[in-house]
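Please look over this protein model with an eye to its sheet and its empty spaces. A short report follows.

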Amino acid sequence: MKSRWNDIDADRYVEAARSAGHSEALGLRIYTSRIIGGDPDLVLHGGGNTSVKVRGEDGSALMHIKGSGWDLDTIEAPGLPAVRLPELLAARDGPRLSDPDMVALLRTNLLDAGAPNPSVEALLHAFIPHDFVDHTHATAILALADQPDMRDTVVRIYSDRVAYVPYVMPGFDLSIEADRIFQAHPDCEGLWLENHGLFTFAGTARASYELMIEFVDMAEQELARKEVVLTGPQPNDRVADAGLTARLTKALAGAGSPFEHALSVDFRSTPAIRTYALRGDLESVSRRGTVTPDHVIRIKPWPMIIEPEADADEIAAAVERYRAEYRAYFQRNAGRTPDAKTMLDAYPRVVVVRGEGMFAIGGNAKAATIAGDLCEQATRAINAAESYGRYTPIGEADLFDMEYWVLEQAKLKVNQAS
């Protein structure tokens with residue numbers, strides 16, 4: 001992976017920020033956020049987050065943090081709302097905050113009451129003492145982060161430059177745990193989040209961004225050391241069978257379906273997707289979960305699988321099996337927490353056609369395209385993870401908690417409204 005930093009472009013963003021009455025730091029934050037977001041092997045569709053700590057006109061300490069649901073590749077100043085930093089730092093030594101209390105803390109300390117909700121990882125950004133903080137879900141990182149027992153490997157790859165954070169659900173608890181680990185490794189330049197992604201941080205926008213590029217490149221080199229080929233994003237090179245598409249859409253858009261009144265499909269077939277769809281253990285691998293936790297709100301915990309020659313009755317039966325399996329998944333997990341859960345619809349968002357490709361399903365073209373992009377990246381990460389060792393994302397219980405986390409659902413609603 002190579003740096004996309006360009007001095008001329010950086011200066012242009014600085015000048016635009018100054019012209020709009022913003023700081024140079026915010027201009028550079030917008031610039032590096034966009035070049036991060038412009039690389040699909042770093043983040044996709046609302047994924048990842050960035051921040052910068054600045055001084056207000058009155059000298060007060062502030063932090064601009066990505067607004068929940070914003071896409072980094074098109075982010076502008078309103079997508080990086082400012083929050084009062086001292087009040088966020090005080091949460092580090094206070095009582096544990098519930099999700100509503102954390103959201104209330106963040107919203108109360110927004111300078112602009114009409115700004116979007118700060119990222120659910122805002123406190124983690126606040127606790128890291130560096131001015132610029134970047135977080136991505138890079139494909140190479142996920143191929144390694146979704147391996148069992150990677151702590152020693154991370155030390156071997158990065159020495160003491162990156163500190164290892166065991167999986168904790170994003171939000172307040174992750175912020176506290178990541179801060180604890182950072183305090184134990186104050187000279188580290190990044191945090192490796194098990195099953196999740198990577199943070200880097202530095203005193204300048206360029207240094208933090210180029211640390212991200214360097215560390216992702218080191219992950220790619222680790223994969224190459226074991227002769228694992230991680231391909232870049234691949235364009236679709238086949239079209240779906242028209243008859244199969246018609247049979248599938250009819251089965252998914254029946255009465256009572258969330259797609260009864262509107263359904264879009266996005267068919268993808270690339271070399272990486274076909275490698276995945278040809279796996280002899282496809283059922284097993286596909287049921288392990290998503291490559292990074294927040295993908296679950298877009299593509300459900302696992303796909304539905306059909307044969308390329310499946311007729312209407314076989315597809316209808318596959319849909320009913322999927323719905324029954326999803327209801328069982330919900331029932332297994334909904335009772336673990338005291339708060340009541342309402343089951344989301346039980347229809348798939350991804351349909352794998354064995355050996356051929358996959359359909360991403362959405363209520364509109366945008367949702368289907370987003371799901372398709374996530375699946376294209378996921379298949380490349382899973383293929384690499386399986387070649388390297390064993391693809392081992394978070395378990396079912398953690399995935400359920402993420403899918404039914406009210407803060408993730410809120411993020412999805414923001415994207416649907418945009």
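## A helix across the sheet

Helix H15 spans residues 365-388. In this predicted model, H15 lies across three strands: E8, E10 and E11. Strand E10 covers residues 350-353. Against E8, the helix runs at about 25 degrees.

## The sheet beneath the heading

The sheet is open and has 4 strands. Their order is E8-E11-E10-E9, with mixed pairing. Strand E8 (264-268) and strand E9 (304-306) are the edges, and each pairs on one side only. From one strand to the next, the twist averages 25 degrees.

How do E8 and E11 run relative to each other, parallel or antiparallel? They are antiparallel, and 5 bridges join them. Strand E11 takes in residues 357-362. One residue pair can be picked out in the viewer: Val265 has Ile361 in E11 as its bridge partner.

## Enclosed space

Now to the cavities. A probe the size of a water molecule, rolled over the atoms, shows where empty space is left. The count here is 4 cavities, taking those of 30 Å³ or more. The largest has a volume of about 190 Å³. It is lined by 19 residues. Closest to its centre are Tyr276, Ile299, Pro303, Ala378 and Ile382.

Which element gives the largest share of this lining? Helix H15 does, with 4 residues. This is the helix that lies across E8, E10 and E11. Helix H12 (282-286), strand E10 and H15 each supply at least two lining residues. By residue class, the lining of the largest cavity has 14 nonpolar, 4 polar and 1 charged.

## An open pocket

The second largest pocket holds about 410 Å³ of space. Its lining counts 20 residues. His22, Leu26, His64, Ala82 and Leu111 are the closest to the pocket centre. Two elements give two or more residues to this lining: strand E1 (49-55) and strand E2 (61-65).

How does the lining of the second largest pocket divide into nonpolar, polar and charged residues? The nonpolar residues number 11. Another 6 are polar, and 3 are charged.

## Points to revisit

Two places are worth a second look in the viewer. One is H15, which crosses E8, E10 and E11 and also gives 4 residues to the lining of the largest cavity. The other is the second largest pocket, with His22 and His64 among the residues closest to its centre.

Key
Residues numbered from 1 in each chain as written. Predicted model: local features only at pLDDT ≥ 70, side-chain atom pairs only at ≥ 80, totals over all residues. Heavy atoms only, no water. 1 Å grid on protein atoms, 1.4 Å probe; cavity = no way out; pocket = protein on both sides within 12 Å on 5 of 7 lines; lining within 4 Å. Points joined across faces, edges and corners; volume = space filled by probe spheres on them. Nonpolar A, V, L, I, M, F, W, Y, C, P; charged D, E, K, R; others polar. Pairing = 2+ DSSP bridges. Axes fitted to C-alpha atoms, helices over the stretch in contact; angles between N-to-C directions. Contact = heavy atoms within 4.5 Å.
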